[in-house]
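Subject: Structure for your review

Dear colleague,

Please find below the structure that I am handing over to you. I would be grateful if you read the notes beneath with the structure open beside them.

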Amino acid sequence: MHSRCLGFQRVTTSCCGKAGHGTSKNRIGNRGEDKVLQVPIGTVIHLQEGEIPSQVENESPKDLDPWELPGSLVEDPALEENLGAHQETMPESVEVDTEEASVTRHLGIPVEDCFEDSDEEIDQIRYNVAELTQQGQRIIIARGGEGGLGNVCGTRYVRGSKFAKSVIRQTSLKSMEGDAEDEEDERSSIKAGSLGSESVLILELKSIADVGLVGLPNAGKSTLLGALSRAKPRVGHYAFTTLRPNLGNVNYDDFSMTVADIPGLIKGAHQNRGLGHNFLRHIERTKVLAYVVDLASGLDGCRGVTPWQQLRDLVMELEFHEEGLSDRSSLIVANKIDEDGAEERLKELERRVKGVRIFPVCAVLEEGVAELKDGLKMLVDGDGEGSERLKLENICVD
Ligand SMILES: Nc1nc2c(ncn2[C@@H]2O[C@H](COP(=O)(O)OP(=O)(O)OP(=O)(O)O)[C@@H](O)[C@H]2O)c(=O)[nH]1
Ligand SMILES: [Mg+2]
């Protein structure tokens, strides 16, 4: 498992067949190469236009042609051009939205908000047509066009020369228009390959983590991620320090797990309060949830709500985002145990919340972190069946 930058990216692609070679009579040009998409694990494909001609295939990366390595769609355009010149192909229409940075800033926003398309175009998007969730998976997103025909007369053009290419292009244009004169020209000119299939895709990268840290703002999630792993997320004594998910790797000798620190949730996030709750899509595939609560919240006249109320709000927001999202192996991290009055709060928390294990932790001093790691490992290692889930009916707030 690993992480990459998260966001949306639009890809338009097609691939033409190669021109027929003019060296021998009616020699057929090669079919255009299929466009294979290989992207980071966790990519979801939404289809805006066209069809995808294949299903996701599982293939070991070792079996791949080195020329089909991931990112072939976003490689250097100059390289693409050179390759095209050698292969006598028509120019390929491979466009990738290069404004990835600006798109990434839209993280947590639904796909339709990321592009300036009309409502009608957005309505046509077919969501989740494919997901690439395992190492080495690939999918053909456009078939190459059929190869063109060669002809003896074509030999008078020097292969690869500018003039020959312009003839190929002109002939191809004619063939696309279905010009009747084509029939007659067949014996005297080279026929370019036909256009390949075309599709417009929107790629969405969802992080895949083993553990998702969920909690209200300021509960100490980012501090905890720093204590669990080598990640160094930003920490602040104010709410909403974290604006996009952070990921960290927790390593054991023979085991490693990925932990995602999710921006703080507040009651009413599903109605777009705070940062909203769309970034919760990044934990849709996490195996384990760690609810991080601030034991000191609301103590000594400070602002905030009790830990049990925090838990209730969190479970409700998860369920509002997606029914059943809270139905997975869970534990509670009772953070800030070092604060005055936190020990008593912990005891009350244990009385009020049943069904899941509670780990008292001081994330800043890294106390209780080793026990928490073991608890997380057990849940991540387990098959999830019969393990502990936090249920609303097991949280007593009155
Ligand atoms: N006393 C005490 N303070 C802590 C502890 N853990 C975190 N804090 C403090 O709590 C504040 C919030 O910490 P963050 O890690 O940024 O909290 P967060 O949950 O990531 O907050 P958001 O990103 O806003 O959701 C910071 O001032 C931390 O230093 C702890 O164990 N004890
Ligand atoms: Mg944070």
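The notes below set out what was found, beginning with the whole chain and then taking its parts in turn.

Please keep in mind that this is a predicted model. The chain holds 9 helices and 13 strands. Of its 398 residues, 40% count as buried. Among contacts between residues at least 6 apart in sequence, 76% join residues that are at least 24 apart.

I turn next to strand E8, which spans residues 211-215. Because 5 of its 5 residues are buried, E8 is largely enclosed by the rest of the structure. Val-211, Leu-213 and Gly-215 point one way from the strand, while Gly-212 and Val-214 point the other way. This fits a general rule: in a regular strand, side chains alternate between the two faces of the sheet.

Which strands pair with E8? One is E10 (residues 256-261), which pairs with E8 in the parallel sense over 3 bridges. Within E10, Asp-261 is the bridge partner of Leu-213. Another is E11 (residues 288-294), which runs parallel to E8 and is joined to it by 5 bridges. Here Gly-212 stands opposite Leu-289 of E11.

These strands lead to the nonpolar cores. The largest nonpolar core has 54 residues, and those touching the most other members are Leu-213, Val-259, Ala-290, Tyr-291, Ile-332 and Val-333. The largest share of this core, 6 residues, is supplied by E11. Tyr-291 may serve as an example: beyond its neighbours within four places in sequence, its contacts include Val-214, Gly-215, Leu-311, Leu-314 and Leu-390. A second, separate core has 13 residues, among them Val-39, Val-44, Leu-132 and Ala-142.

Val-39 is found in the loop between strand E2 (35-37) and strand E3 (43-50). Is Val-39 buried or exposed? A residue counts as buried if 20 or more other C-beta atoms lie within 10 Å of its own. Val-39 has 21 such atoms within 10 Å, and it is therefore buried. Its C-alpha atom is separated by 9.7 Å from that of Thr-133, although the two residues are 94 apart along the chain.

Two helices deserve separate treatment. In helix H8 (residues 342-352), the buried residues are Ala-342, Arg-345 and Leu-349. They lie on the same side of H8, because they cover an arc of only 55° around the axis. The general reason is that an α-helix has 3.6 residues a turn, so residues three or four places apart point the same way. On the other side of H8, the exposed residues are Glu-343, Glu-344, Lys-347 and Arg-351. The elements covering the buried residues of H8 include helix H7 (307-321), strand E12 (330-335) and strand E13 (358-361).

In helix H6, 8 of the 8 residues are buried, so the helix is largely enclosed by the rest of the structure. Among these buried residues are Lys-221, Ser-222 and Thr-223.

H6 also has a place in the surroundings of the ligand. How many residues surround ligand 1? There are 24, and the closest are Gly-220, Ser-222, His-237, Thr-242 and Gly-264. The largest share of this shell, 3 residues, comes from H6 (residues 221-228). By type, the shell divides into 9 nonpolar, 11 polar and 4 charged residues.

Yours sincerely,

A colleague

Note on methods. Residues numbered from 1 in each chain as written. Chains lettered and ligands numbered in written order. Predicted model: local features only at pLDDT ≥ 70, side-chain atom pairs only at ≥ 80, totals over all residues. Near = placed C-beta within 6 Å. Helix = DSSP H or I, 4+ residues; strand = E, 2+ residues; numbered from the N terminus. Nonpolar A, V, L, I, M, F, W, Y, C, P; charged D, E, K, R; others polar. Buried ≥ 20, exposed ≤ 12 C-beta atoms within 10 Å, placed from the backbone. Pairing = 2+ DSSP bridges. Core = buried A, V, L, I, M, F, W, Y, C linked by C-beta atoms within 7 Å. Contact = placed C-beta atoms within 7 Å. Arc of directions from axis to C-beta.
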